[in-house]
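Visitor: I would like to go through this structure with you, one question at a time. Please give the reasoning before each value or name.

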Amino acid sequence: MIVTLKGHTRPVRGCGFSHDASLLASVGDGCAVLLWDMKTYKRIRKLTGHYNDVVACEFSSDGALLVTASRDTKAIIWDPHLGIVLKEFFHMSPPPPKILAGGANHTWLRDVAFSPFGTHIMTVADDNQCRFWNVFDNSSPKFVTVLPDSISCCFSPDGRVAAVGSKNGSVHFISYPVSVQKLAQLCRHVIRRIVQNTNNIDRLSVPLPLKRYLMYRDFETFG
């Protein structure tokens, strides 16, 4: 059986499933970020926050977060279940005005990837820089390496190696240090894999600060 999802009016540049395949995110030209219910094949919502074509997306491995990359020079981490922006990662400093972000700015993002436990993201952009970000601190990348003409990226399943593809046909491997995850983050990861939808967190019989933590509402305090 073939099902066609209709919602985009311009080219679709990327798609990604949540870990349990209950949700699909699709991104494309015209600032489009669409979220789909895979049980009904209906569009749930359109996420608004980018100012240029969106080229890539990926869910965190617990299904709680979605990251998107755009030609507007930024990556966004969303709560896809509520449709809100949690973090923005700017690749130009200071961040460009909307008119520049929406056009040719020489820092178009090409791809983005989550680390296995969702604590880091990796981005590649037209400024030839491959950036590694801590999701708890979006002020600046944790690590940057120069790889000309990079257009794609991903982490290995253990998060120790990053692979970056380039326009010239090469694939570069980058060794990335893996730190021991805090117990709180590991517990959140496990719980959110079970209770994936943020709307269901309020039903848990736990204190409000813990609910906020499980909902990824305070990266700085709980990171």
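Visitor: Which residues make the nonpolar surface patch, and what is its area?

Guide: This is a predicted model, and what follows is computed from its atoms. One member of the patch, Val171, is found in strand β15, residues 171-175, and is exposed with a relative accessible area of 52%. Together, Val161, Val171 and Phe173 make a nonpolar surface patch of about 300 Å².

Visitor: How many disulfides does a search of the whole structure find, and how far from Cys57 is the nearest cysteine sulfur?

Guide: The search of the whole structure finds zero disulfides. Cys57 is in no disulfide, and this residue is buried, with a relative accessible area of 10%. A disulfide would need the two sulfur atoms within 2.5 Å, whereas the nearest cysteine sulfur to that of Cys57, belonging to Cys15, is at 6.4 Å.

Visitor: Why is there no bond between the sulfur of Cys154 and the closest cysteine sulfur?

Guide: Cys154 is partly exposed, with a relative accessible area of 37%. The closest cysteine sulfur belongs to Cys153, and the two atoms are too far apart for a bond because the distance between them is 7.2 Å.

Visitor: How many salt bridges are counted, and how many residues apart in sequence are the parts that Asp53 and Arg71 tie together?

Guide: The count comes to seven salt bridges, and one of them is the pair Asp53 and Arg71, whose side chains meet with an N to O distance of 3.0 Å. Asp53 lies in the loop between β4 (42-46) and β5 (54-59), while Arg71 lies in the loop between β6 (66-70) and β7 (74-79), so the pair ties together parts whose separation in sequence is 18 residues.

Visitor: Are Asp53 and Arg71 buried or exposed?

Guide: The term buried applies to a residue with under 20% relative accessible area. By that cut-off, both Asp53 and Arg71 are buried.

Visitor: Which residue forms a salt bridge with Lys74, and is that partner buried or partly exposed?

Guide: Lys74 forms its salt bridge with Glu88, the closest N and O atoms being 2.9 Å apart. Lys74 lies in strand β7 and Glu88 in strand β8 (residues 84-90), so the pair ties together parts that are 14 residues apart in sequence. Lys74 is buried at a relative accessible area of 3%, whereas the partner asked about, at 25%, is partly exposed: Glu88.

Visitor: What is the N to O distance in the salt bridge of Arg160 and Asp158?

Guide: Arg160 counts as partly exposed at 48% relative accessibility, and Asp158 counts as partly exposed at 45%. A salt bridge requires the nitrogen to be within 4 Å of the carboxyl oxygen, and for these two side chains the distance is 3.9 Å.

Visitor: Where is Ser18, and with which side chain does the side chain of Ser18 make a polar contact?

Guide: Ser18 has its place in the loop between β1 (12-17) and β2 (23-28), and at 4% relative accessibility it counts as buried. Leaving aside residues up to four places away in sequence, Ser18 touches Leu23, Phe59 and Gln196. The polar contact, at 3.0 Å, is made with the side chain of Asp20.

Visitor: How far apart in space are Asn197 and His81, C-alpha to C-alpha?

Guide: Asn197 lies in the loop between α2 (183-194) and α3 (208-214) and, at 29% relative accessibility, counts as partly exposed. Its side chain is joined to that of Asn199 by a polar contact of 2.8 Å, and, not counting residues up to four places away in sequence, Asn197 touches His81 and Arg192. Although Asn197 and His81 are 116 residues apart in sequence, their C-alpha atoms are separated by 5.9 Å.

Visitor: Which residues are joined by a cis peptide bond?

Guide: Most peptide bonds are trans. Here omega is about 0 degrees at a bond whose proline lies in the loop between β8 and α1 (98-101), and the residues joined are Ser93 and Pro94.

Visitor: What is phi of Cys31, and what is phi of Tyr216?

Guide: Most residues other than glycine have a negative phi. Cys31, partly exposed at 25% relative accessibility, is found in the loop between β2 and β3 (32-37), and its phi is positive, near 65 degrees. Tyr216, in the loop between α3 and α4 (219-222), is buried with a relative accessible area of 4%, and its phi is also positive, at about 55 degrees.

Definitions and conventions:
Residues numbered from 1 in each chain as written. Predicted model: local features only at pLDDT ≥ 70, side-chain atom pairs only at ≥ 80, totals over all residues. Heavy atoms only, no water. Buried < 20%, exposed > 50% of the residue type's maximum accessible area, 1.4 Å probe, protein only. Helix = DSSP H or I, 4+ residues; strand = E, 2+ residues; numbered from the N terminus. Polar contact = N/O pair within 3.5 Å; in protein donor to acceptor, adjacent residues only side chain to side chain. Contact = heavy atoms within 4.5 Å. Patch = residues over 30% accessible without salt bridge, like charges linked within 9 Å, V, L, I, M, F, W, Y side chains within 5 Å. Areas by Shrake-Rupley, 256 points an atom, 1.4 Å probe, with all protein chains shown as cover.
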